[in-house]
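Could you walk me through this model in the viewer, one selection at a time? I would like to know what to pick next and what is there.

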Amino acid sequence: MSAVPAPTASNAGLVIEFAGVGQTFTSSDGSPVVALQDVNLGLRRHEFVSVIGPSGCGKSTLLRLVGGLLRPTSGTVSIFGMPVTEPRDEIGFAFQRPTLLPWLDVLDNVTFPMRHKYGRVDARDTARAQELLAVTGLADFARKRPAELSGGMQQRVAIARALLHDPDILLMDEPFSALDALTRDEMSFELLRIWSERPKTVVFVTHSIQEALLLSDRIVVMSARPGRVAEIIDVPLPRPRNLATLSDPVFTHLANEIRVKVFSRKPE
Ligand SMILES: Nc1ncnc2c1ncn2[C@@H]1O[C@H](COP(=O)(O)OP(=O)(O)OP(=O)(O)O)[C@@H](O)[C@H]1O
């Protein structure tokens, strides 16, 4: 068994750290696809960080690396100072589509990861799932099937499922992109409420500058492929954020600034 290196003084305070990370895939015709190149990035405890950038710049790849679904071709991704070598329990994942099991009701969908992992669901898991359904406004829908819910409600079920084991880290890959604009705003506020009640380090991939600004402490702007960290922008908007945040002059100013940055990053 290989020894796990101890955290170093430089990364001790970081929850997630990318150090010189590169990811090269081999495409179906055998040619290399450099998805990420020399990514250096550190995320602090309970920080909400969004990742934004042109299509194909490696945003999902970043999440898959943190989630242990992929090993970097160069550099190291660490969680709490330990290199990620496989999926870990302290991580929750929410994807673009809710991926619920249609034959299970809402409650059983939320507890499904426990059944899948341990072969059973205990009373504590069920109680926690019910609590999360209450937090996400779905208490009355526990016994409904996914097909009986709206898209926004299904996505909330998926988020409740990702939170079931109260992970320290929540990875979200465009979780609201399939929703209409109103539901999207509503879901953003809902997520902020959950995050403030149960703080965790969140990495949130989005194409929406508005969503990134509304939610984040910092926004990572990626360059077009090969994806690199082009810029990290602090979001000094006060919390709690609400509808008024959207018309804050700082919000408007930053939205314009980020728009220029994202659109000026043409593929190389
Ligand atoms: N398993 C794979 N095999 C080959 N190429 C891959 C693989 N996974 C990703 N890629 C390529 O790596 C690049 C980055 O992909 P990734 O999905 O991370 O980008 P993204 O920024 O999330 O894109 P989008 O915004 O369109 O969702 C793309 O060019 C993609 O085609």
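## The antiparallel sheet

Start with the four strands that form an open sheet in the order β2-β1-β4-β5, with antiparallel pairing. Keep in mind that you are looking at a predicted model. Colour β2 and β5 apart from the others: they stand at the edges, each with a single partner strand, so one side of each is left without a neighbour in the sheet. Now add α1, which packs on this sheet and touches β1, β2 and β4; its direction makes about 120 degrees with that of β1.

Next, select strand β1 (residues 14-26) together with β4, and you will find an antiparallel pair held over five bridges. To place one of these partners, click on A19, whose bridge partner in β4 is T76.

Move along to β5. β4 and β5 are also antiparallel, pairing over two bridges, and I79 stands opposite M82 in β5. Which residue takes a positive phi in the hairpin of β4 and β5? Select F80: the hairpin has two residues between its strands, and F80 has a positive phi near 50 degrees. F80 does this although it is not a glycine. If you need bounds for your selection, the loop that holds F80 runs between β4 (74-79) and β5 (82-83).

## The mixed sheet

Now show the other strands of this tour. Six of them form an open sheet in the order β6-β7-β8-β3-β9-β10, and here the pairing is mixed. At the edges stand β6 (91-94) and β10 (229-234), each with a single partner strand, so one side of each is left without a neighbour in the sheet. If you turn the view along the sheet, note that neighbouring strands are turned by 15 degrees against each other on average, direction ignored.

Zoom in on strand β3 (residues 48-52) and strand β8 (residues 201-205): they run parallel and are joined by four bridges. Pick V51 and you will see V205 of β8 opposite.

Then bring α1 back into view. This helix lies across β3, β7 (169-173), β8 and β9 (218-222), running at about 150 degrees to β8. Recall that α1 also packs on the antiparallel sheet, touching β1, β2 and β4.

## Around the ligand

With α1 still on screen, display the ligand and its surroundings. Which residues are around the ligand? Select F25, S27, V33, A35, S55, G56, C57, G58, K59, S60, T61 and R225. Two elements give two or more residues to this shell, β2 (32-44) and α1 (59-66). The most comes from α1, with three residues. Colour the shell by class and you get four nonpolar, six polar and two charged residues.

## Two cis peptide bonds

Stay with R225, one of the residues around the ligand, and look at its backbone. A cis peptide bond joins R225 to P226, with omega about 0 degrees. P226 sits in the loop between β9 and β10.

From there, go on past β10 to R239. The peptide bond from R239 to P240 is cis as well, with omega near 0 degrees, and P240 belongs to the loop between β10 and α7 (249-263).

## Two domains

Zoom out and colour the chain by domain. The domain assignment gives domain 1 as 14-90 + 168-263 and domain 2 as 98-166. Between their centres, taken over C-alpha atoms, lie 25 Å. Where the two meet, twelve residues of domain 1 are in contact with nine residues of domain 2. On the domain 1 side, the largest share comes from helix α5 (residues 181-197), with five residues. By class, that side has seven nonpolar, one polar and four charged residues.

## A helix pair to finish

For the last stop, select helix α2 (residues 106-118) and helix α4 (residues 151-163). They pack at an angle of about 35 degrees, and their axes are 8 Å apart. The crossing of α2 and α4 is right-handed. Show side chains for V106, N109, V110, F112 and P113 of α2 and for V157, A160 and R161 of α4, which make the contact. These residues divide into six nonpolar, one polar and one charged.

Key:
Residues are numbered from 1 along each chain as its sequence is written. This is a predicted model: local features need pLDDT of at least 70, side-chain atom pairs count only at pLDDT 80 or more; totals for chains, interfaces and linings use all residues. Domain bounds come from an automatic or database domain assignment. Two residues are in contact if their C-beta atoms, placed from the backbone, lie within 7 Å. Ala, Val, Leu, Ile, Met, Phe, Trp, Tyr, Cys and Pro count as nonpolar, Asp, Glu, Lys and Arg as charged, and the others, Gly among them, as polar. Axes are lines fitted to C-alpha atoms, for helices over the stretch in contact, and angles run from 0 to 180 degrees between N-to-C directions. A crossing is left-handed if the near helix is turned anticlockwise from the far one by less than a right angle, and right-handed if clockwise. A residue is near a molecule or strand if its C-beta atom, placed from the backbone, lies within 6 Å of it. Two strands pair if DSSP finds at least two bridges between them.
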